[in-house]
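I opened this model to look up its core, one of its helices and its surface. My notes follow in the order in which I took them.

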Amino acid sequence: GQSRQLIRSLRILRYARFLRILRLLKLKISDKASGIVRYVRQSAFLLWLQGIAGVCVLAFLPCHFSACTWYVVGRAHFDEEGLTSWLDGLSSPEYELVPKNGAVPTAVEAQKFYQLSVYFVLVTMTTVGYGDFSPKNMDERWFCMFL
């Protein structure tokens, strides 16, 4: 009876000590984090760098999602018989890329598709386009109207 109660009391004390150590570690980590935040706020260069990084992220994310959507829209019509897509123009020797109906692209092909999609989206969003890629069906035209 008494030894069980003593063991139980010791376990409770160990648990309390463990919680106290966790609390101290949390305070120590939060002190370091607040020191880093304070340093960043005081450094003009780091604030500038943080702003540049934010602008890059804000510019990259819409471009990435638009490029992925552009590829998916083109791929959806490329696999259908009788419909054309922007992917049809990739069989020229200039691009060295021939999309295959229904086949999953290899890693190298997927990288090239992504690069061409990002290129099209960036050129379309920042200029009137170069004309080497253009929408070939209604879904692609709708996508470009909202791009």
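Entry 1, core. I looked up the largest nonpolar core (buried Ala, Val, Leu, Ile, Met, Phe, Trp, Tyr and Cys residues joined through side-chain atoms within 4.5 Å) and found 14 residues in it. Trp70, Trp86, Phe120 and Val121 have the most contacts inside this core. At least two residues of the core come from each of helix H2 (44-78), helix H3 (107-126) and helix H4 (138-146). H3 gives the largest share, five residues. I took buried as under 20% relative accessible area, exposed as over 50% and partly exposed as in between, with a 1.4 Å probe and protein chains only.

Entry 2, basis. The model is predicted, and I kept local features at pLDDT of at least 70 and side-chain atom pairs at pLDDT 80 or more, while totals for chains, interfaces and linings use all residues. Residues are numbered from 1 along each chain as its sequence is written, and side-chain values use heavy atoms, with hydrogens and water left out.

Entry 3, contacts. Which residues does Phe120 contact, leaving aside neighbours within four places in sequence? I listed Trp70, Phe133, Cys144 and Leu147 (contact means heavy atoms within 4.5 Å). I then checked Ser66, which lies in helix H2. Ser66 counts as buried because its relative accessibility is 15%. Not counting residues up to four places away in sequence, Ser66 touches Val121, Phe143 and Leu147.

Entry 4, helices. I counted four helices and zero strands (DSSP runs, H or I of at least four residues for helices and E of at least two for strands, numbered from the N terminus). The order from the N terminus is α-α-α-α. H3 has 20 residues and spans 28 Å from first to last C-alpha, close to the expected 28 Å; the expected span is 1.5 Å times one less than the number of residues. The buried residues of H3 include Glu109, Phe113, Ser117 and Phe120.

Entry 5, surface. The chain exposes about 11200 Å² (Shrake-Rupley method, 1.4 Å probe; for residues, only the protein chains shown count as cover). Carbon and sulfur atoms supply 66% of that area. Of the 147 residues, 21% count as buried. Where does Val57 lie? I found Val57 in helix H2, and it counts as partly exposed because its relative accessibility is 46%.
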